[in-house]
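The following paragraphs lead the reader through a structural model, beginning with the criterion by which residue exposure is judged. The sequence and structure are shown first.

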Amino acid sequence: MSAHANLERRRQAIYGWLLLTPALALLSIFAFYPTIATLWTSLFSRGTRRNPVEFVGTGNYADLFADPTFWLVVKNNLLYAGVTIPVSIGIALAMALWANGKIRARSFVRTAYFTPTVLPMIAAANLWLFFYTPGLGVLDQIGSLFGLPSVNWLGQPETALWAIIIVTIWKEAGFFMIFYLAALQTIPEDLKEAADIEGASRWTYTRRIVLPLLMPTTLFIAVNALINSVKLIDHLFILTKGGPSDASKLLLYYIWEMAFAFFDAPQAAAMTILVIAVLAVVAAVKFSYLDKRTHYQ
Amino acid sequence: MKRLSSFLDSFGAILLAIIWIAPLLFAFWAATHSTSDAVNLNLFSPWTLENFRVAWNGAPWLKYFLNTFVLVTIILIGQFFFTTLAGFAFAQLNFRGKEFVFILVLMQLFILPEVLIVENYVMISRLGLFDTILGVGMPYMASAFGIFLMRQAFKGVPIELHEAARIEGCGLLGILWRVYVPLAKPTYLAYALVSVSTHWNNFLWPLIVTNSPDTRPLTVGLSIFGAPENGVDISIISAATMMSIAPLLIGFLLFQRQFVQAFLRAGIK
């Protein structure tokens, strides 16, 4: 028996590694190696014609921490995350409760909520450009009906980031809604009936029964929204290019600019490492803490 | 009281729905009217297709459409190949080191390809794939997300079917091809819809890797077309935008249920 079992074990190991090899090779080339290479690059100076590349240790990080633009961008990104995550989750929940309830024109409502999800962010930005353009834009037209002055939403530091935030929320909320919708449909009808018999108001029912049952979904969505707050920057290219005076610049955009507009790869690498560190913490929290209940096996 | 609250629900839901599609409706309005009529929101102004004609002639859209189509196709084929093999290994084979490698793969769920643009660009250039469609697609092919998805799908296949096929004399790859792949069809469909709509819409990485109209996908083409430096007016940008989202949007409206199911299946793993 043991000889046979041994053979079978070895067969499985050989097949296992053979089947994994293609994917692992690609992942190594485009994920593992670049991560290490980024760390490596971040420790060296930027080579110019006069100054060759040399090891500077944490020098690039020190430069970054001394760069006021970097801190502005971090602050922008924190605000971006801090507003888009809770607001899009809140709107998604409202959408799901409505789209799951007995309302008129339900299929129209669902479609309308979900449609922005299938659009490219670049196209979304173009659509919103028509809203924001000063003088011509829809917002200004509506404002002028009420005698409000023209506002350059994208052109002034106070409003530019908010204009970006609104587009992101618009794009995300419908996507998150479908996860809530699916979760809502698993809540048994008897709970609602029991609550009705007990004379609980709709508000109490929602707050005491529905929201706690949706908690795992909320956490799942929150992690996604957090990742998106790093990833979703395409609309910056159309709407503000990070301006005016960096007021709407976000981390990934700054990394792109650093590397492909200023050609400062080491600085970009240092920033990338910091972003990866944050994402790694999110990953660690998710896998060790949040997934205790949701089983992967 | 009850009727009032149900009326308010419908009212709120529909109001939000209208707000939500307003940007799309306005763009459609702008695209089908002359710029001055669009800006003045003159409801009785004549409709026109002129903007579409101007937009269409302003850039090699056909080439962009074709590039995007080729891009999403090769990414999908690559993803099916790599994630099927790896997903099967993780789901049904036992060997030492599997758990460790699986954790490595899961890490990639968080270290997004988007974040590694700088080094991936170096890598793509080194491989001689700069400004090629393959270069745009390659970093996404061994998707950790896809591997995870296929692993879950294959785990759900009853072991009896596996055993039965083996007794019939099927080899391991034969079993994978004849038993597991057909049974995972719904997952493949879901994955395909999510993958196609993701990569149809992807922008940052294609922007970096492409450098000519021959490789540029729609999103990058659209961003260049609409750049303020080009001085294109809002009606024409709207027309170009409507054009480039039309295939996916129509597909979505026709197969809405499948789309939503696909995103759910892919999301809730």
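A residue is classed as exposed if 12 or fewer other C-beta atoms lie within 10 Å of its own, as buried if 20 or more do, and as partly exposed in between. The model to which this criterion is applied here is a predicted one.

Consider first A:Ser245, which is found in chain A, in the loop between helix 11 (234-239) and helix 12 (251-260). Because A:Ser245 has 12 C-beta neighbours inside 10 Å, it counts as exposed. Its backbone also merits attention: A:Ser245 has a positive phi of about 40 degrees, although it is not a glycine. Most residues other than glycine have a negative phi.

Chain B offers a parallel case. B:Asp131, likewise not a glycine, has a positive phi of about 60 degrees. The loop that holds B:Asp131 runs between helix 6 (117-126) and helix 7 (133-137) of chain B. With 16 C-beta neighbours inside 10 Å, B:Asp131 counts as partly exposed.

The wider architecture may now be taken chain by chain. In chain A, the domain assignment gives domain 1 (1-40) and domain 2 (77-266). The centres of domain 1 and domain 2 of chain A, taken over C-alpha atoms, are separated by 40 Å.

Chain B contains 15 helices and zero strands. Its C-alpha trace spans about 75 × 65 × 30 Å along the principal axes. The radius of gyration of chain B is 23 Å, whereas a compact globule of 269 residues would have one near 18 Å. Of the 269 residues of chain B, 45% count as buried. Among contacts in chain B between residues at least 6 apart in sequence, 76% join residues at least 24 apart.

One helix of chain B deserves separate description. Helix 14 (residues 234-254) has 21 residues, and the distance from its first C-alpha to its last is 28 Å, close to the 30 Å expected at 1.5 Å a residue. Helix 14 of chain B nevertheless bends by about 50 degrees at B:Ala246, and a proline, B:Pro247, follows within four residues.

Finally, the two chains meet in a contact that takes 69 residues from chain A and 75 residues from chain B. On the side of chain B that touches chain A, helix 1 (residues 2-31) of chain B gives the most, with 15 residues. The residues of that side of chain B comprise 53 nonpolar, 17 polar and five charged.

Note on methods: Residues numbered from 1 in each chain as written. Chains lettered and ligands numbered in written order. Predicted model: local features only at pLDDT ≥ 70, side-chain atom pairs only at ≥ 80, totals over all residues. Domains from an automatic or database assignment. Contact = placed C-beta atoms within 7 Å. Helix = DSSP H or I, 4+ residues; strand = E, 2+ residues; numbered from the N terminus. Nonpolar A, V, L, I, M, F, W, Y, C, P; charged D, E, K, R; others polar. Rg over C-alpha atoms; globule rule 2.2 N^0.38 Å. Expected span 1.5 Å × (residues − 1). Bend = angle between axes of the 7 residues up to and from the residue.
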